[in-house]
Amino acid sequence: MLQILDGAPSTYPLHFIMASRNKRQRYSEDNGMQLTDLPNALISDVAVFLPQASCISFLYALSSHDTSNQISDSHQPSAISMAIAARQNCWENIEFKGIQDLCGQNGILSDNDIRWVLSCVGVQNIKSIKLSHCYGITGSGLDQIRHSAVLKSIDLSLVGDHESGFDLSVEQQSTLSEITILSILNNILENEDSSLEHVQLPQKWRKDKSVMLNTFLERMEYILTRRRIKCSKEGCGGTCNGHRNFPVIHWREDDPITWSTDRYGAIGITCYMCLKNYCHGCQNRRVLKYCDDCEKFYCQDCIKVEHCRGQGCRASCCSVCDFVKKCVCGMTQAFCSDCRPSSWVNCLYCDEGWCSKSCAKKYMNICDGCGKRANCNGNGKNNCVEGNSSLDCVTKCEECGSIYCSNCRALRCSDKKENCPACMKSVKNVKACRANHFEAFTQRTQGY
């Protein structure tokens with residue numbers, strides 16, 4: 001009978017027995033192979049397929065620090081994180097909105113988090129930075145871009161695309177340090193090889209109009225003008241040196257448009273989406289237009305902007321924010337809600353509308369979006385606004401002849417101003433009553 005020593009036959013060589021014992025001990029301590037035991041090249045090949053936010057979260061997890069705590073000022077990304085980052089080609093445009101939910105503590109990024117991300121991906125690769133939803137930072141984490149020669153655009157507004165700075169609280173904007181960030185931006189502009197052309201400023205700074213910000217904008221305007229930036233319009237050949245009516249940057253008190261439309265601090269020659277620049281000759285043909293809601297300039301190739309045609313009204317709005325609207329018939333001019341003519345008829349449930357009652361009747365007084373949700377039996381079938389008179393619940397209004405469903409009240413049947421078009425009752429506040437019906441309608445038809 002063979003003798004057993006720690007589970008191994010006594011006839012086995014001693015070095016084999018010791019190797020087996022050490023192997024069992026190592027696996028019991030490590031609980032198997034770790035992700036970091038894989039070759040860096042293999043991990044890099046896998047990470048190539050990750051979107052930017054997920055890739056940064058992956059690098060964050062591989063880093064040597066304790067992810068349950070905030071990163072210390074002195075912490076540097078691990079060697080494997082930097083090796084993986086060097087293989088990626090998605091670092092030209094950094095959007096922190098998607099990163100904070102994955103890497104931030106309680107969904108909030110700190111300045112140290114931002115500093116770590118920039119260290120990992122390398123500031124020499126970054127051409128655009130957006131600090132969307134980075135509430136609570138001072139901006140000190142951006143210090144590494146101070147000498148960047150490739151950074152072309154930075155968005156400090158703290159809001160995402162087509163989000164309004166008007167919706168931010170004072171607390172959300174108050175921590176961002178004007179002194180810290182303007183110092184960094186001034187250092188970038190000092191570089192003769194600097195590529196910086198566009199800065200989207202926080203709304204709070206633009207409202208305060210500090211002397212420090214005014215000085216920075218004046219200096220930036222001087223530098224951009226001196227660069228003689230070529231117009232991006234095909235066949236133009238002009239330079240974007242500005243004009244009294246179309247300045248490079250809106251900041252001067254003698255600019256009537258700047259001080260009457262709250263465009264202070266906006267770069268007036270650059271499209272926010274594509275970062276193409278246009279000279280004042282092209283501007284005179286309305287190539288760039290400003291949205292008063294998301295407070296950005298857009299070229300008409302990227303996104304359409306409509307101007308309100310109301311007398312004395314300067315409101316303008318992009319097609320996403322959409323508070324300046326045209327009738328769906330396309331035959332009339334655009335108006336904001338304050339300037340719409342008396343003949344304008346609103347959709348029963350939302351702010352869409354038509355230029356006249358005759359135009360509205362073509363759409364059964366309900367817009368296409370609300371019409372797809374309105375239904376008679378709660379299952380999305382037999383849409384009452386289709387005028388299917390074979391349904392028991394669909395009837396005609398004796399007064400105007402419109403077909404409507406008594407359940408969802410999809411049509412307006414009264415022209416009396418004191419009547420709520422949703423419930424056909426006389427109320428003190430039509431707008432509030434209509435809003436209440438819209439909320440109930442939304443809950444009832446959610447998911448259709």
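Begin by selecting Asp 208 and Lys 204, which form a salt bridge whose closest N and O atoms are 3.1 Å apart. The model open in your viewer is a predicted one, and this stop is a short stretch of it, since both Asp 208 and Lys 204 belong to helix H9, which covers residues 203–208. Along that helix the two residues are four apart, about one turn. If you switch on a surface, Asp 208 turns out to be partly exposed, with a relative accessible area of 48%, and Lys 204 also counts as partly exposed, at 30% relative accessibility.

From here, consider how many salt bridges a search of the whole structure finds. The search finds eleven, and the next stops visit some of them.

Select Glu 190 together with Arg 219, a salt bridge in which the closest N and O atoms lie 3.8 Å apart. This pair links distant parts of the chain, with Glu 190 in helix H8 (residues 178–190) and Arg 219 in helix H10 (residues 211–227), 29 residues apart. Colouring the helices separately should help you to follow the connection. Glu 190 has a relative accessibility of 48% and therefore counts as partly exposed, while Arg 219, at 30%, is likewise classed as partly exposed.

Move on to Glu 306 and Lys 326, where a salt bridge brings the closest N and O atoms to 3.9 Å. Glu 306 sits in strand E9 (residues 305–307), whereas Lys 326 is found in the loop between strand E11 (324–325) and strand E12 (335–336), so the salt bridge ties together parts that are 20 residues apart in sequence. Both ends are open to solvent in part: Glu 306 counts as partly exposed at 27% relative accessibility, and Lys 326 counts as partly exposed at 38%.

Next, select three residues at once, namely Asp 322, Lys 325 and Glu 352, which are linked in a network of salt bridges.

The last stops concern aromatic rings. Which residue lies over the face of Tyr 264? Select the ring and you will find Lys 209 there, at 5.1 Å from the ring centre. A further example is Tyr 272, whose face has Lys 296 lying over it, at 4.8 Å from the ring centre. Should you wish to look for rings that pair with each other, the structure holds one aromatic pair. In describing such a pair of rings, one gives the distance of the centres and the angle of the planes.

Methods. Residues numbered from 1 in each chain as written. Predicted model: local features only at pLDDT ≥ 70, side-chain atom pairs only at ≥ 80, totals over all residues. Heavy atoms only, no water. Salt bridge = Lys/Arg side-chain N within 4 Å of Asp/Glu carboxyl O. Buried < 20%, exposed > 50% of the residue type's maximum accessible area, 1.4 Å probe, protein only. Phe/Tyr/Trp six-rings, centres within 6.5 Å; stacked < 30°, edge-to-face > 60°. Lys NZ or Arg CZ within 6 Å of the ring centre and 35° of its normal.
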